[in-house]
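Hi,

Here is the structure I said I would pass on. Have a look at it first, and my notes follow underneath.

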Amino acid sequence: MNPEVTTVPPGVPAADLARMFADRGISTVAVVDPQGTLRGIVTEADLIRRLAADDDQPRAGWLSRVLSSPDNMAERYVRSHGTTAEDLMTKQVITVGPEDSAAHIARLMEDHKIRRVLVTAGGQLLGVVGRAELVRALVEPTGGSPVELSDEGIRRALLTAMRREAWATTGNIAMGVRDGVVEFTGFRHSETVSHALHVLAKSVPGVKQVVDSTLRRPVVFGP
């Protein structure tokens, strides 16, 4: 987590936000109240939306009016024509707690297509986790050496992992382990599945090598 997060009060003008983004080379600011409680975030996309509003054309289409409620249209108008951080900000912010794992944060970023996640506790802003912090979590030691499993332990762990994945069907594939070397035999479903099995096996502690001895599934012709 990076504890250095650029924050602004809700009333800061949009023009000041744009100048801040340009001068500091940042793309996101957190909007907090005087008590330090997170209220929302303003991104470059929010500022661009505000700029584009100067060239906005009235949406007179009947379908647009039917599908949009007055509240939704009013909210869009405020976010595209507002003059303060409170007007422009996104209120529904994806946040995590200080105890959440890197894997959980990565999943949130992937699911919500975002580049960073704010860390809060009790509504108070503590910091931010971006992609750079997640990459460091992959390469930095977490303390202590990983426990290497025995051949039987590897086999059990790998079977358990395969059962959790819908694509890792075991009906036509056998798997053996000897001296830390995992070998897949049988008939492969596809090159993509074989590659995924290789990656899955390599993630098990103690696996030294993965050998793919599977064969292409034979083509069965009708009578």
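To start with the chain as a whole: of the contacts between residues at least 6 apart in sequence, 56% join residues at least 24 apart. Keep in mind that this is a predicted model. The chain has 223 residues, and 31% of them are buried. You will find 9 helices and 10 strands in it.

The N-terminal end

Met 1 sits in the segment before β1. Is Met 1 buried or exposed? Its relative accessible area is 51%, so Met 1 counts as exposed. Even so, Met 1 has a list of contacts beyond its sequence neighbours (up to four places away): Val 119, Leu 126, Gly 127, Val 128, Val 129 and Glu 133. For Val 119, the C-alpha atom is 7.8 Å from that of Met 1, with the two positions 118 residues apart along the chain.

Two open sheets

Going on from there, β1, β2 and β3 form an open sheet in that order, with mixed pairing. The edges are β1 (7-8) and β3 (38-43); each has a single partner strand, so one side of each has no neighbour in the sheet. β1 pairs with β2 (residues 28-32) in the parallel sense, over 2 bridges. If you want a place to look, Thr 7 has Ala 30 in β2 as its bridge partner. Helix α1 (residues 14-24) lies across all of β1, β2 and β3, and runs at about 135° to β2.

The other open sheet I looked at also has 3 strands, ordered β4-β5-β6, and its pairing is mixed too. Here β4 (95-96) and β6 (124-130) are the edge strands, and since each has a single partner, one side of each is left without a neighbour in the sheet. Despite that edge position, β6 is mostly covered, with 5 of its 7 residues buried.

β5 and β6 run antiparallel and are joined by 6 bridges. Leu 118 has Val 128 in β6 as its bridge partner, and Ala 121 is placed opposite Gln 124 in β6. These two strands make a hairpin with 2 residues between them, where Gly 122 has a positive phi near 60°.

Just ahead of β5 there is a backbone detail to check. Lys 113 is in the loop between α6 (102-112) and β5 (116-121), and its phi is positive, about 55°, although Lys 113 is not a glycine. I flag it because most residues other than glycine have a negative phi. As for its surroundings, Lys 113 is exposed, at 68% relative accessible area.

The β7-β8 hairpin

Which residues of β7 point to the buried face? They are Ile 173, Met 175 and Val 177, while Ala 174, Gly 176 and Arg 178 point to the other face and are not buried. This is what you would expect, because in a regular strand the side chains alternate between the two faces of the sheet.

β7 and β8 are antiparallel, with 6 bridges between them. One pair to look at is Val 177, which stands opposite Val 182 in β8. This hairpin also has 2 residues between its strands. Asp 179 is in that loop, between β7 (173-178) and β8 (181-188), and has a positive phi near 55° without being a glycine. With a relative accessibility of 55%, Asp 179 counts as exposed.

A helix pair

Last, take a look at α8 (residues 151-164) and α9 (residues 191-202). Their axes come within 10 Å and cross at roughly 135°. An angle over 145 would have counted as roughly antiparallel, so α8 is oblique to α9. The crossing of α8 and α9 is right-handed.

Which residues meet where α8 and α9 touch? From α8 they are Leu 158, Ala 161 and Met 162, and from α9 they are Leu 197, Leu 200 and Ala 201. Sorted by class, that contact has 6 nonpolar residues, no polar ones and no charged ones.

Those are my notes for now.

Best wishes

Technical notes
Residues numbered from 1 in each chain as written. Predicted model: local features only at pLDDT ≥ 70, side-chain atom pairs only at ≥ 80, totals over all residues. Heavy atoms only, no water. Axes fitted to C-alpha atoms, helices over the stretch in contact; angles between N-to-C directions. Helix = DSSP H or I, 4+ residues; strand = E, 2+ residues; numbered from the N terminus. Parallel < 35°, antiparallel > 145°, perpendicular 65-115°, else oblique. Left-handed = near helix turned anticlockwise from the far one by under 90°. Contact = heavy atoms within 4.5 Å. Nonpolar A, V, L, I, M, F, W, Y, C, P; charged D, E, K, R; others polar. Buried < 20%, exposed > 50% of the residue type's maximum accessible area, 1.4 Å probe, protein only. Pairing = 2+ DSSP bridges.
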